[in-house]
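Subject: Handing over the two-chain structure

Dear colleague,

I am passing on to you the structure we spoke about, and I would be glad if you kept it open beside this message while you read. My notes on it come after the display.

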Amino acid sequence: MNLVYKEMKCLEFKRLALSDPNSSVHGFVEHSANCPHCLKYVGGVRQMDADLASSVDVEMPAALMARLQLNQELSEESENSAIKSVLPIRRYAMAASFALALFVAGFMASNQFNGSSIGDDYQALLSGVVEHMNEQAITPVWSAERANLNATTLLASYDPSLKLKFLSNLQFSRICPMGQYKGLHASLETTDGQVTFAYIKGDSVGQLLDAGYEGYISRVKPVRGGNLIIMSRTNKGLQEADSQLEKAMYWDI
Amino acid sequence: MTDLSNVTDQKQVNYSVMDKKRKYALLIEAHSTDLYKYALWLCKDKHMAEDVMQEAFLRAWKSLDSLREAKAAKGWLFTIFRREHARQFERKRFKYADVESMDTIEDDKHMGYDDRPEAFALRNALKRLPQDYRDPLEMQVLGGFSCDEIAQILNISSSAVMTRLFRARKKMRVILGEETATHLGVVGD
C-alpha cells in the first residue's frame, strides 16, 4: 500500500513538473526534497527549459531601443501640438481666421492653390490617406536603408519598371490600406518636419491639385499608373518633398 | 533616457503615481529585451519583429494611463504585442507556413540565434508543436510568465494552461526523441 501511495504521489509530481517545473506549491517542494528520483526528473525538465530559452536568446539591436524612445517623443510632440491647436482656438480665433485668409490668398495668388471645391476623385484619395494617417498615431522611424529597400521592393511589386533612387531622409515605407484604396505609405524627413506621401496605383487624376485638407497642405499629382499624394503641415515641407520625389521616382522603360 | 539604474525590483514600483514618460522609459528598460526575443521568435524576421515592436510600444504609450500596477506591466505589454502581431501578420504567417518549416541553421544564424545543432533541434521541436500547446510554453519559457498570467493573456482557465503545458512538454520529448531528450536533461518517466 505504501508503495502504491508513493507511486501516486510521484505521478502527480511529474505531471505538475511538466506543467510548472518551478511551482512553489508546498506539496511539490516537499516531495522534491524527499524523493531523489523526482528531484532528478524536475531538474531535467528545468534544464530543458533553460536550454530552450537559451536557444532563442538574441541580442536586441541597440538602435531599436533608441527608436522606441524616439517614437514616443514624436508621438508626444504630435499629441501636444494637437492639444495646443485646440485649446487657444477661441482666444486666437480672429487672428487665426485672418492668417488663414492671408494664407489662402497667398496660395491663390501664386497659382498653387485651387480655391474651387475638391472633386470626388481627389476627395477620395485625400480622405483615404488622411484616414489612415489618423489611425496611425505616429509613423515609425526606420533606418534609411531599410525604408529605401522596402519602398523599392514594394514599388517594384506594383510596377517592375517603377524605380526609386536612394533617399537618405526616407524614414518609413509600407503598403497600407487607405480608405477604399491600398497603396505605398511612406514618410520623408524634410527641413520643415515630417512629410507623408502615398503612391496609389490606379487611374490617374486629370491634373495636379494643391489643397488645404484636414489641417494639411496636400498635393495630389498624377503619375504613371497611379497618383502621388503628398501631405505636409507646411508648404515648404510639401515643396521640398515633392522636389525630392520628382528626382527620385522614375520609370525605367 | 531616464536613469533607471537604481530600480532594483520592477515589481515594487508604484506606477499609479509615476510620470507617464518615466513609466514608459521603465517599460522599455525592463521589458523590451524579453519582448524582442519573443517578437523575433514569433515573426521569424528581424525587420518585422522591430516593426511590430515599435507599433506595440506606440500603442502602449497611448494607453499607458490605464496601467496602474508594475507587476501587471509585462503581461499588459505582451498582450498589446500579441494583438498587434495578430493584426499585422497573422494572415501573412499563415500564408508562409510552408516556408517556415524549411528554416535552416544558416537562417537561424542570420537572425542571431545559437547555431549549435542541439539548439537548432530544440527550436525546431518548439516550432512543430501545435499552436495551442506552443503558445503557453513560449510564454512560460521565453516570457517567464506564471500559469495564472498566461491564463489571463490567452483568456483561458489556469487549469487549461496547466494541461496544455503538460502536453506541450510531453510532445516536445516525443519530437526530440527519447535519446536526444535524455541528452538534453529530460529523463524518462
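Below I go through the sheet of chain A, then the helices of chain B, and then the place where the two chains touch. Please keep in mind throughout that this is a predicted model.

In chain A, six strands form an open sheet whose order is S2-S3-S4-S7-S6-S5, and the pairing between them is antiparallel. Strand S2 (170-178) and strand S5 (209-213) of chain A stand at the edges, and each has a single partner strand, so one side of each is left without a neighbour in the sheet. From one strand to the next, the twist averages 20°. If you would like one pair to look at in detail, take strand S6 (residues 216-223) and strand S7 (residues 226-232) of chain A, which pair in the antiparallel sense over seven bridges; you will find that Arg219(A) stands opposite Ile230(A), a residue of S7(A). A helix also belongs to this picture, since helix H7 (residues 144-158) of chain A lies across S2, strand S3 (181-190) and strand S4 (193-201) of that chain, and runs at about 40° to S2(A).

Chain B, by comparison, has 10 helices and zero strands. Of its 189 residues, 37% count as buried, and among the contacts in chain B between residues at least 6 apart in sequence, 59% join residues at least 24 apart.

One pair of helices in chain B deserves a slower look. The axes of helix H8 (residues 147-154) and helix H9 (residues 158-176) of chain B come within 8 Å and cross at roughly 105°, and H8(B) and H9(B) are therefore roughly perpendicular to each other. On the H8(B) side the residues that meet H9(B) are Cys147(B), Asp148(B), Ile150(B), Ala151(B) and Leu154(B), while H9(B) brings Ser158(B), Val161(B) and Met162(B). The residues of this contact divide into six nonpolar, one polar and one charged.

Lastly, how many residues does the contact between the chains take from each of them? It takes 34 residues from chain A and 40 residues from chain B. On the side of chain A that touches chain B, helix H1 (2-19), helix H3 (36-55) and helix H4 (62-86) of chain A each supply at least two residues, and H3(A) gives the most, with 12 residues. The residues of that side divide into 15 nonpolar, nine polar and 10 charged.

With best wishes

Note on methods
Residues numbered from 1 in each chain as written. Chains lettered and ligands numbered in written order. Predicted model: local features only at pLDDT ≥ 70, side-chain atom pairs only at ≥ 80, totals over all residues. Axes fitted to C-alpha atoms, helices over the stretch in contact; angles between N-to-C directions. Helix = DSSP H or I, 4+ residues; strand = E, 2+ residues; numbered from the N terminus. Parallel < 35°, antiparallel > 145°, perpendicular 65-115°, else oblique. Contact = placed C-beta atoms within 7 Å. Nonpolar A, V, L, I, M, F, W, Y, C, P; charged D, E, K, R; others polar. Pairing = 2+ DSSP bridges. Buried ≥ 20, exposed ≤ 12 C-beta atoms within 10 Å, placed from the backbone.
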